[in-house]
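Please open the model in a viewer and keep the selection tool at hand. The tour below proceeds from one selection to the next and states what is to be found at each stop.

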Amino acid sequence: MKQLFRHALQQAGISSGLLNMRRVSGGSINEAYVAQTEQGSYFIKYHRSAPERFFALEANGLQLIKSTNTIDVPEVINYSDEKGKAFLVLEWVSGSKHSQTDKRLGERLAALHQTKGKKHGFHEPTFIGTLQQPNGYYTSWLEYYRDRRLSSQLRLGIENNHINGKRRSKLEKLLSQLDRWIPNNISPSYLHGDLWGGNWIVGQNGAPFLIDPSFLYGDRHFDLAFTEVFGGFSEAFYQAYEAYYPTDRYYEDCKPLYQLYYLLVHLNLFGEIYGADVDKIVNYYIGD
């Protein structure tokens, strides 16, 4: 492992040598390490069996967010998706929250969302966890969300026997009626795509950083909806976002529909523990 990381650092022009390496918490998908060199410290993710372009897509997402000059992300140092030796090297980000951190997070996420793309979606498949997300460019957010996001998770759930019987028939009915709640004329924002509480951290001077994106262009409310599923975002965050870029009136109508996607992902990744949450949303729109 150390030899692989030395090579990764050397490829990035960091030739001072590896002084120390230790395992750190970094989610359930990758092994995570902090590597200390004379030139500084670096965060390294490692995956023994990463899917093709797994880290390339994460690096690309970080770079796309960075290009907006709205919110901080860790600098990408190096990455590889070589089979059996896949890694991502990032700058090490460390700091402590202060009284303005959550406010800045809300304002800077709103600024990110004010950066617009030309169409919804993305030009190639991406990942959420290790699940591949089909993609493509759409002028209609409704069509993209239905056909590329919800439908793909529905098919996967059917294949894996997580979605059958009444759950399947109700989900199919719901997908056929999405235009009742989701507008068609939505501008495509730059989105993080996997914005739960574990995917933002604090750097120096209390600055908020986004990490682990699953980048796409789409409805900004899609990002916001996921922030409310598992928590990790304060009232100061939401107030700052709302003051900077007020949410649209339809958000409350479609918020559960956007949360449904992430709950279907968790159902397909982790099983029936998320089934009741999926059913609750479906029943809210379709009825018991």
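## First stop: a loop residue

Select Arg-53, which is partly exposed, with a relative accessible area of 34%. The structure shown is a predicted model. Arg-53 sits in the loop that joins strand S3 (40-47) to helix H2 (54-66). Its backbone deserves inspection: phi of Arg-53 is near 65°, a positive value in a residue other than glycine.

## Second stop: the loop between H4 and H5

Move next to Asn-161, located in the loop between H4 and H5. Here too phi is positive, about 65°, although Asn-161 is not a glycine. Is Asn-161 buried or exposed? With a relative accessibility of 56%, against a threshold of over 50%, Asn-161 counts as exposed.

## Third stop: helix H5

Continue to helix H5 by selecting residues 165-176. The twelve residues of H5 should span 16 Å at 1.5 Å a residue, and its end C-alpha atoms lie 17 Å apart, which agrees.

Now colour the buried residues of H5: Arg-167, Lys-170, Leu-171, Leu-174 and Leu-175. Viewed down the axis of H5, these buried residues fall within an arc of 135°, so they line one face of the helix. An α-helix has 3.6 residues a turn, so residues three or four places apart point the same way. On the face of H5 turned away from the buried side, select the exposed residues Gly-165, Lys-166 and Ser-176.

Which helices help to cover the buried residues of H5? The cover includes helix H4 (141-159), H8 and helix H9 (275-286).

Display H9 together with H5. The two helices pack at an angle of about 50°, and their axes are 10 Å apart. That angle makes H5 oblique to H9. The crossing in which H5 passes H9 is left-handed. To see the contact itself, select Arg-167, Lys-170, Leu-171, Lys-173 and Leu-174 in H5, which meet Gly-275, Asp-279, Val-282, Asn-283, Tyr-285 and Ile-286 in H9.

## Fourth stop: helix H8 and its partner H4

Select helix H8, residues 251-270. H8 has 20 residues and reaches 28 Å from its first C-alpha to its last, close to the 28 Å expected at 1.5 Å a residue. How many residues of H8 are buried? The count is 16 of its 20 residues, and H8 is thus described as mostly covered. Just beyond the end of H8, Gly-271 takes a positive phi of about 95°.

Add H4 to the display. H4 and H8 pack at an angle of about 25°, with 9 Å between their axes. That makes H4 roughly parallel to H8, and their crossing is left-handed. On the H4 side the contact is made by Trp-141, Tyr-145, Arg-149, Leu-150, Gln-153, Leu-156 and Gly-157. On the H8 side, select Leu-257, Tyr-258, Leu-260, Tyr-261, Leu-264, Val-265 and Asn-268.

Within H8, centre the view on Asn-268. This residue is buried, with a relative accessible area of 8%. Leaving aside residues up to four places away in sequence, Asn-268 touches Leu-131, Gln-153, Leu-156, Gly-157 and His-162. A distance label can be placed from Asn-268 to Ile-158: the two are 110 residues apart in sequence and 9.5 Å apart in space, C-alpha to C-alpha.

## Fifth stop: helix H6

Finish with helix H6, residues 220-230. Eight of its eleven residues are buried, so H6 is largely enclosed by the rest of the structure. The buried residues to select are Arg-220, His-221, Phe-222, Asp-223, Leu-224, Ala-225, Phe-226 and Thr-227. Among the elements covering them are helix H3 (101-113), H4, strand S10 (189-191), strand S13 (216-218), helix H7 (235-244) and H8. H6 is followed by Gly-231, whose phi is positive, near 85°.

Now show H7 beside H6. Their packing angle is about 165°, with the axes 12 Å apart. That makes H6 roughly antiparallel to H7, and H6 passes H7 in a left-handed crossing. The contact joins Arg-220, Leu-224, Thr-227 and Glu-228 of H6 to Phe-237, Tyr-238 and Tyr-241 of H7.

Notes: Residues are numbered from 1 along each chain as its sequence is written. This is a predicted model: local features need pLDDT of at least 70, side-chain atom pairs count only at pLDDT 80 or more; totals for chains, interfaces and linings use all residues. Side-chain values use heavy atoms; hydrogens and water are left out. Helices (H or I, at least four residues) and strands (E, at least two) are DSSP runs, numbered from the N terminus. Buried means under 20% relative accessible area, exposed over 50%, partly exposed in between (1.4 Å probe, protein chains only). Contact means heavy atoms within 4.5 Å. The expected span of a helix is 1.5 Å times one less than its number of residues. The arc is that of the directions from the helix axis to the C-beta atoms. Axes are lines fitted to C-alpha atoms, for helices over the stretch in contact, and angles run from 0 to 180 degrees between N-to-C directions. Angles under 35 degrees count as roughly parallel, over 145 as roughly antiparallel, 65 to 115 as roughly perpendicular and the rest as oblique. A crossing is left-handed if the near helix is turned anticlockwise from the far one by less than a right angle, and right-handed if clockwise.
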